[in-house]
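Me: I've got this chain open and want to talk it through with you. Let's go question by question.

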Amino acid sequence: MAQYLALENYAVDFQDYFPSMIARLGAEAFIEELCNGFRLLMDCDKGLITFESLKRNSSLLGLHDIGDEELVCMLLEGDLDGDGALSQMEFCILMLRLSPGLVQDRSKRSWPKDDFDVSF
């Protein structure tokens, strides 16, 4: 299912692969892949995704011309504790929340409820 994401001056057409990834990998391996994505974007010294680390690594996401304001908005969207950065847990929660295929119909989950007993 293709989705359309608009970030103020940017429009991105993307495919939501999370449901099919969960079905193929299983919940535990899927969460591990999310954690790998977190490690790719994080500031190694702080163990968090900071504005600076996101700006430095945004090209890995295909966001070559994204502005500082959009990067801040991305961080604020997932920042649950108000520290201006994303922890691994905040990042994983954000990724799951932003997947239209996972939130559209919770009654038709592609994983059993008990599969998400994964510690971070």
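Reply: Before we start, a contact (or "touching") means heavy atoms within 4.5 Å. This is a predicted model: local features need pLDDT of at least 70, side-chain atom pairs count only at pLDDT 80 or more, and totals for chains, interfaces and linings use all residues. Residues are numbered from 1 along each chain as its sequence is written, and side-chain values use heavy atoms, with hydrogens and water left out.

Me: What pattern does the protein chain follow along the sequence?
Reply: Helices (H or I, at least four residues) and strands (E, at least two) are DSSP runs, numbered from the N terminus. By that count there are 6 helices and 2 strands. Read along the sequence, they come out as β-β-α-α-α-α-α-α.

Me: What percentage of the residues of the protein chain count as buried?
Reply: Buried means under 20% relative accessible area, exposed is over 50%, and partly exposed is in between, using a 1.4 Å probe and protein chains only. The protein chain has 120 residues, and the share of them that counts as buried is 30%.

Me: Which helix gives the most to the largest nonpolar core?
Reply: A nonpolar core is a set of buried Ala, Val, Leu, Ile, Met, Phe, Trp, Tyr and Cys residues joined through side-chain atoms within 4.5 Å. The largest one has 20 residues, with Phe30, Leu34, Ile49, Leu86 and Phe91 making the most contacts inside it. Helices H1 (18-25), H2 (27-41), H4 (68-78) and H5 (88-97) each supply at least two residues. With 6 residues, the one that gives the most is H2.

Me: Which residues does leucine 34 touch, leaving out those up to four places away in sequence?
Reply: Leucine 34 is among the core residues with the most contacts inside the core. Leaving out residues up to four places away in sequence, its partners are Phe18, Phe91, Cys92, Met95 and Leu96.

Me: How many salt bridges are there?
Reply: A salt bridge is a side-chain nitrogen of Lys or Arg within 4 Å of a carboxyl oxygen of Asp or Glu. One of them pairs glutamate 32 with arginine 39 at 2.8 Å, N to O. Glutamate 32 is partly exposed at 41% relative accessible area, and arginine 39 is partly exposed too, at 37%. By this rule, the count is 3.

Me: How many residues apart in sequence are the parts that lysine 55 and aspartate 68 tie together?
Reply: The side chains of lysine 55 and aspartate 68 meet in a salt bridge of 2.8 Å, N to O. Lysine 55 is partly exposed at 42%, and aspartate 68 is partly exposed at 37%. Lysine 55 sits in helix H3 (residues 51-57) and aspartate 68 in H4, so the parts this pair ties together have a sequence separation, in residues, of 13.

Me: What else does aspartate 68 touch besides Lys55, leaving out residues up to four places away in sequence?
Reply: The C-alpha atoms of aspartate 68 and glutamate 52, 16 residues apart along the chain, are separated by 9.7 Å. Leaving out residues up to four places away in sequence, aspartate 68 touches Lys55 and also Phe51.

Me: Which residue forms a salt bridge with glutamate 77?
Reply: Glutamate 77 is in H4 and its partner is in H5, so the pair ties together parts 20 residues apart in sequence. Glutamate 77 is partly exposed at 41% relative accessibility. The closest N and O atoms are 2.7 Å apart, and the partner is arginine 97.

Me: How far from aspartate 79 is the nearest side chain of opposite charge?
Reply: Aspartate 79 is in the loop between H4 and H5. Lys and Arg count as positive and Asp and Glu as negative, while His and the chain ends are not counted. Aspartate 79 is buried yet has no salt bridge, and the nearest opposite charge, on arginine 97, is away by 10 Å.

Me: Which backbone nitrogen does the side chain of aspartate 79 reach?
Reply: Not counting residues up to four places away in sequence, aspartate 79 touches Gly84, Ala85, Leu86 and Glu90. Its side chain also reaches a backbone nitrogen at 3.2 Å, that of aspartate 83.

Me: Which exposed residues does the face of H4 turned away from its buried side carry?
Reply: In H4, Glu70, Leu71, Leu75 and Gly78 are buried. They're on the same side of H4 because they cover an arc of only 140 degrees around the axis, where the arc is that of the directions from the helix axis to the C-beta atoms. The face turned away carries Glu69 and Leu76.

How values were computed: A polar contact is a pair of N or O atoms within 3.5 Å; within protein, one must be able to donate a hydrogen and the other to accept it, and residues adjacent in sequence count only if both atoms are side-chain atoms.
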